[in-house]
Amino acid sequence: MTNSIEEILNTDAMFVIGSNTTENHPIIGATMKRAKKKGAKLIVADPRRIELAEYADVYLQLKPGTNIALLNGMMHVIIEKGLQDKEFIEKNTENYEELAKLVKEYTPERVAEICGVNAEDIVKAATIYGEAKKAGIYYTMGVTQHTTGTNGVMSVSNLALLCGNVGKESAGVNPLRGQNNVQGACDMGGLPADYPGYQKVFNEEAAEKFEKAWNAKLSRKPGLTVSEMLNEAENGNIRFMYIMGENPMVSDPDINHVRKALNNLDFLVVQDIFFTETCELADVVLPAASFAEKDGTFTNTERRVQRVRKAIEPAGEAKADWKILVDLMNLLGYKARYSDPSKIMDEIASLTPSYGGIDYKRLEDRMGIQWPCPSKDHPGTKYLHKNGITRGKGLFMPAEQVDSAEMPDKKYPYALTTGRILYHYHTRTMTGRVEGLNKKASNNYVEINEVTAKKLGIKDGDIVRLTSRRGVVEVAARITDIIGEEVLFMPFHFAEGAANYLTNTALDPIAKIPELKVAAVKLEKIS
Amino acid sequence: MKNVTLTIDGQKVTVPENYSIIQAAKELGIDIPALCYDPNLEVVGACRLCLVEIEGSRKLETSCSTKVREGMVVNTETEKVVKARKDILQLLLDSHPNDCLTCQKAGECLLQAYAYRYDVKFREHDGAMRPKLIDTSSPYILKDDSKCILCGKCVRTCSQVDDRQVLSFAGRGYDTRIVLDLDKTFETSKCVSCNRCVVVCPVGALVDKRLMGKTRIWDAEVKTVDCKVCAYGCEFEVLSKKGKKLAVRAKAPSNGRPLCLKGRLTTELMHLDNPDKPYRKIGNKFVESSWTKAISIADIIEKINKLENNEEK
Amino acid sequence: MVQVTINGIKYEVEKDKTILQACREVGIEIPTLCHDERLAPYGACRMCLVEVEGGKNLVTSCTTKVRDGMVVYTNNPKVINARRDVLDLLLSNHPMECLTCEKSGNCKLQDYAYEYGLVDGTYEGEKRNKEIDDSNHFYYYDPNKCILCGLCVRVCDELQCTNAIGFEDRGFNTIVATPFNQGLEKSKCVSCGNCVSVCPVGALQPKTKVKFRYWETKKVRTTCSYCGVGCQMDLLVKGNQVVGVEPAFDGFNNGLLCVKGKFGYKFINHPDRLKKPLIKKDGEFVEATWEEAYRLIVSKIKETKENYGAEAFGGLTSARCTNEENYLFQKLFRAVIGTNNVDHCARL
């Protein structure tokens with residue numbers, strides 16, 4: 001998030017796109033509802049009429065994969081009505097002309113056609129966003145998990161820049177991160193081309209800095225992403241994999257392909273707190289400590305670094321992940337000496353400018369610190385780009401609407417989209433073992449529009465078969481009116497009848513994110 | 001000493017042959033409930049809460065008084081055992097006042113802990129209750145007979161000190177009570193307020209009066225300190241809340257640790273922010289006193305003053 | 001700023017503060033059962049009564065603003081007696097179950113009864129005897145212990161904005177209920193448990209299989225391990241077990257949690273937890289020592305590196321692990337193994 005959660009309360013307008021906030025980020029969802037009560041306007045765009053839609057001033061039930069068209073359409077209206085922030089554009093941005101030229105083609109009528117929504121609603125949404133003094137955009141995987149995910153994010157950013165909603169309190173471009181420390185894992189260099197703090201591995205200066213600090217020769221060649229690793233494993237080029245606290249056998253697209261890839265490895269180490277679906281394919285499984293059994297920090301969606309504290313001893317002989325990693329480093333002949341996690345944070349701070357001022361002592365005094373925090377006397381950063389946009393000028397990156405990699409056709413006539421539900425978390429490794437949560441949401445299901453269901457003779461609770469070009473699953477039907485007639489929705493939490501047997505591995509060419517939000521499927525009733 | 005091996009709740013344990021079952025169970029981390037048992041006191045087997053089932057034995061046995069035997073198989077939480085414990089607890093509760101709401105002992109009371117553990121509750125009944133006899137004569141100890149469960153720990157700990165032996169049982173059956181020196185009060189008896197009895201009381205029948213109303217035990221921060229008065233070095237606990245040191249209380253008397261009033265008062269004076277006034281028993285009366293007199297340092301202070309005055313001259 | 005005299009001492013306070021806020025700011029405690037700084041003032045429980053000079057009646061300090069020259073008494077006999085009356089009435093219609101009540105040790109009614117020296121209620125008469133709503137999977141509502149402070153209703157409405165519960169019926173029969181009294185499970189309730197977290201008494205309590213008394217626990221402040229919001233919370237720990245979760249009121253989440261944060265901790269002490277390293281031998285996993293597991297991993301790493309080079313390695317670090325662990329993981333791959341093939345499920 002460029003901005004902070006608490007700022008939502010004082011915003012004038014919220015635009016929630018591709019995020020089921022009240023289920024996936026309940027505390028932010030509740031904050032949005034409070035903001036709405038206080039008088040803020042709310043625009044919701046999502047293929048499902050989610051809870052927030054009930055509170056919305058405008059709800060746009062767009063077809064999966066048409067975010068860019070919608071965003072372009074809104075920008076078209078804003079420019080048409082002269083609601084753009086001309087002074088901001090002049091002073092703080094570049095490439096505006098290109099954007100204006102591109103969105104000119106996206107009339108409300110044309111966009112309405114592409115997205116399957118009303119043209120008036122697009123105008124209304126654009127007007128609300130354009131007229132607001134401070135407006136925030138909030139999005140999640142509904143924007144990013146597409147082959148056009150990068151362009152989708154660019155278009156979100158275009159809209160925010162167009163109305164001067166960057167570098168301003170209670171506004172901004174706000175991706176809501178789905179997992180407790182996905183922000184931190186990225187910040188810490190858990191990415192193939194990035195050292196901690198997004199310093200690039202191919203940047204000579206950065207590489208030399210880390211070589212010196214780590215006393216090791218480092219590769220300048222960017223590594224492989226998850227999807228690429230799995231492909232290379234299937235091709236026999238990746239021989240050894242180490243998976244720490246991940247469960248690709250449920251979470252990754254096209255599970256049949258994941259299985260083939262992992263089975264093809266010479267050796268697989270899996271480190272987890274439970275015996276997951278992925279553990280089954282491992283050669284060695286290492287028992288790890290849970291978050292309650294170790295010290296450390298997580299970085300939340302608003303860049304706030306916060307303490308995790310050890311409350312109890314690890315289960316059985318389980319060890320904290322950091323201890324296991326330290327042990328292995330030493331056994332491999334690399335000296336690693338950390339008496340406790342605070343010493344690791346000190347090393348992180350010494351090498352990562354945005355974490356430069358963070359240490360455990362400071363985290364003890366206050367409710368965490370939001371990066372960038374370059375020095376010990378820096379209070380942290382509530383919202384980004386306050387003193388001008390970080391790269392100098394905000395760059396408009398106009399993008400055309402492009403179809404999803406796989407569009408519904410005669411053979412596979414429905415667009416399957418996936419997501420999370422309130423009562424579960426990712427692959428249910430944890431929530432699947434909480435009795436009450438399981439009672440609330442015990443089984444996998446697919447949401448089917450009532451009209452579609454009637455047409456196919458499917459009743460609520462019937463077992464239906466879903467087939468895509470990659471796999472088949474059988475799950476219970478949940479008949480609903482919150483979803484479009486050509487769209488199906490499945491939660492991706494469940495290993496049994498996992499949605500990811502069906503999903504597409506097609507990647508966004510830049511971010512390498514798979515198109516989990518659109519797969520063409522066939523739907524049949526099993527008699 | 002010879003060791004024997006026995007099985008308790010399916011786990012094997014090897015202990016010296018003079019151990020009782022309750023001691024052996026403790027080695028395994030198995031907590032057998034008991035109200036009258038105390039490792040530092042003579043075993044009497046009175047409360048019967050520590051009943052366990054021993055294979056080959058028809059009736060339940062008290063684990064505090066039954067010694068371990070080689071090959072013995074003991075079960076501590078069978079249906080039969082639990083039923084017996086529930087019955088015992090219910091009988092105790094039936095003649096116990098329902099005032100955990102404000103009882104000073106709440107949070108440390110063994111009757112409360114076991115009632116919670118075995119899910120036994122107070123019930124309404126028309127039967128007799130223990131008489132509400134309360135001895136308020138002492139500024140140090142409050143004795144409430146209505147809460148007494150007659151475990152006798154107080155009597156046993158008092159009798160461990162030869163020249164005290166103030167507390168004893170009196171009466172029979174339902175009328176049994178704990179009395180001081182043939183039914184005197186704290187004030188009129190030869191009690192010296194050492195508080196050994198208060199420390200061992202499992203319920204709210206004997207309470208440290210200087211603690212009352214100051215804090216719920218769960219709200220207090222507790223720090224253990226050593227007494228500086230004599231060589232025994234008894235331990236006391238300093239209770240504080242929100243940084244304020246509120247009260248001092250005695251910790252369990254153990255071998256060679258007699259506990260005494262002077263030690264407690266001295267610890268109060270040294271550690272508390274605002275200690276209550278001390279009292280001395282003069283004749284058969286508690287009399288408010290100065291600190292110098294209460295901990296008998298008047299002559300020492302006088303001597304110090306004299307010496308320092310001399311130096312100045 | 002205005003000047004007020006509280007219990008004989010003059011204070012300068014901001015003019016739009018309530019008497020309660022002013023007192024708490026200067027360190028004078030006033031008891032409250034229905035007050036919550038996050039919510040609109042309510043003035044229902046009447047525990048916060050104080051005397052203002054010149055006024056005929058005592059006033060509720062949570063709803064009365066300070067005025068310049070105001071003279072306030074927060075603990076004179078008149079005030080104390082009024083509070084004792086309030087408690088007496090509450091206790092007279094409250095089940096005397098502190099012996100086994102799970103809330104004991106963390107109950108405001110119990111705290112104030114102790115503080116104000118009330119052993120029991122003195123009013124004789126009917127006691128409520130209503131059915132417990134046990135339908136929710138995570139918590140239950142016992143109307144007999146409810147003191148109708150309305151905190152649950154207002155938190156559900158004003159903060160959680162779910163509006164699942166409200167007051168029903170009148171007078172002596174008033175309870176907190178869902179519309180049409182259909183029970184919590186069938187209501188709009190999303191089981192966030194924010195009502196449970198504010199209940200001052202034992203009316204709303206979490207369901208738990210582990211028996212524990214509140215005074216046997218310690219609290220450990222930590223960050224929730226579910227979504228990316230990172231709510232701050234306290235783990236309630238008894239022995240080596242996490243037995244409950246309470247939201248942090250001083251974190252940015254402001255005393256709120258969701259169903260996963262509040263009730264989703266039970267995986268921690270789950271019997272399924274991996275407790276020993278496992279090594280696959282002939283297709284079967286067998287338990288191993290750490291030394292065996294490490295030795296095998298290290299030899300395979302060396303072997304693979306020798307035969308295929310560093311680029312034959314791939315590592316998935318974790319969005320669920322700590323920053324420190326993610327840092328070490330990529331350091332292991334980059335500095336020790338020698339490849340940048342490190343990624344995680346950020347995109348999934």
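This passage walks through the chains of a predicted model, from the fold of chain A to its contacts with chain C and the domains of chain C. Local features are reported only where pLDDT is at least 70 and side-chain atom pairs only at pLDDT 80 or more, while totals for chains, interfaces and linings use all residues. Residues are numbered from 1 along each chain as its sequence is written, and chains are lettered from A and ligands numbered from 1 in the order in which they are written.

A good place to begin is chain A, which holds 20 helices and 21 strands (DSSP runs numbered from the N terminus, with H or I over at least four residues for helices and E over at least two for strands). Its radius of gyration is 24 Å, close to the 24 Å that the globule rule gives for 527 residues, so chain A is as compact as a globular protein of that length. Here the radius is taken over C-alpha atoms, and the rule is 2.2 Å times the number of residues to the power 0.38. The C-alpha trace of chain A spans about 65 × 65 × 40 Å along its principal axes. Of the 527 residues in chain A, 59% are buried; a residue counts as buried if 20 or more other C-beta atoms lie within 10 Å of its own, as exposed if 12 or fewer do, and as partly exposed in between, with C-beta atoms placed from the backbone. Contacts are defined by C-beta atoms, again placed from the backbone, that lie within 7 Å. Among contacts in chain A between residues at least 6 apart in sequence, 69% join residues at least 24 apart.

Strand 2 (residues 41-45) of chain A is a helpful example of a covered element, as five of its five residues are buried. A:Lys41, A:Ile43 and A:Ala45 lie on one side of this strand, A:Leu42 and A:Val44 on the other, and all are buried. Strands are said to pair if DSSP finds at least two bridges between them. Strand 2 of chain A pairs in the parallel sense with strand 1 (residues 13-17) of chain A over five bridges, with A:Ala45 as the bridge partner of A:Ile17. It also pairs in the parallel sense with strand 3 (residues 58-60) of chain A, over three bridges; there, A:Ile43 has A:Val58 as its partner.

Antiparallel pairing appears elsewhere in chain A, in an open sheet of three strands with the order 12-13-14. Strand 12 (296-299) and strand 14 (369-370) are the edge strands, each pairing on one side only. Four bridges link strand 12 to strand 13 (residues 304-308) of chain A, and A:Thr297 stands opposite A:Arg307 in strand 13.

Turning to the contacts between chains, chains A and C share the most contacts of the two pairs of chains in contact. In this pair, 120 residues of chain A meet 94 residues of chain C. Helix 8 (residues 323-337) of chain C gives the most to its side, with 13 residues. That side of chain C has 49 nonpolar, 28 polar and 17 charged residues; Ala, Val, Leu, Ile, Met, Phe, Trp, Tyr, Cys and Pro count as nonpolar, Asp, Glu, Lys and Arg as charged, and the others, Gly among them, as polar. Strand 11 (residues 284-287) of chain A and strand 13 (residues 278-281) of chain C run antiparallel and are joined by two bridges, with C:Leu278 as the bridge partner of A:Val285. By contrast, no contact joins chain A and chain B, whose closest C-alpha atoms lie 17 Å apart.
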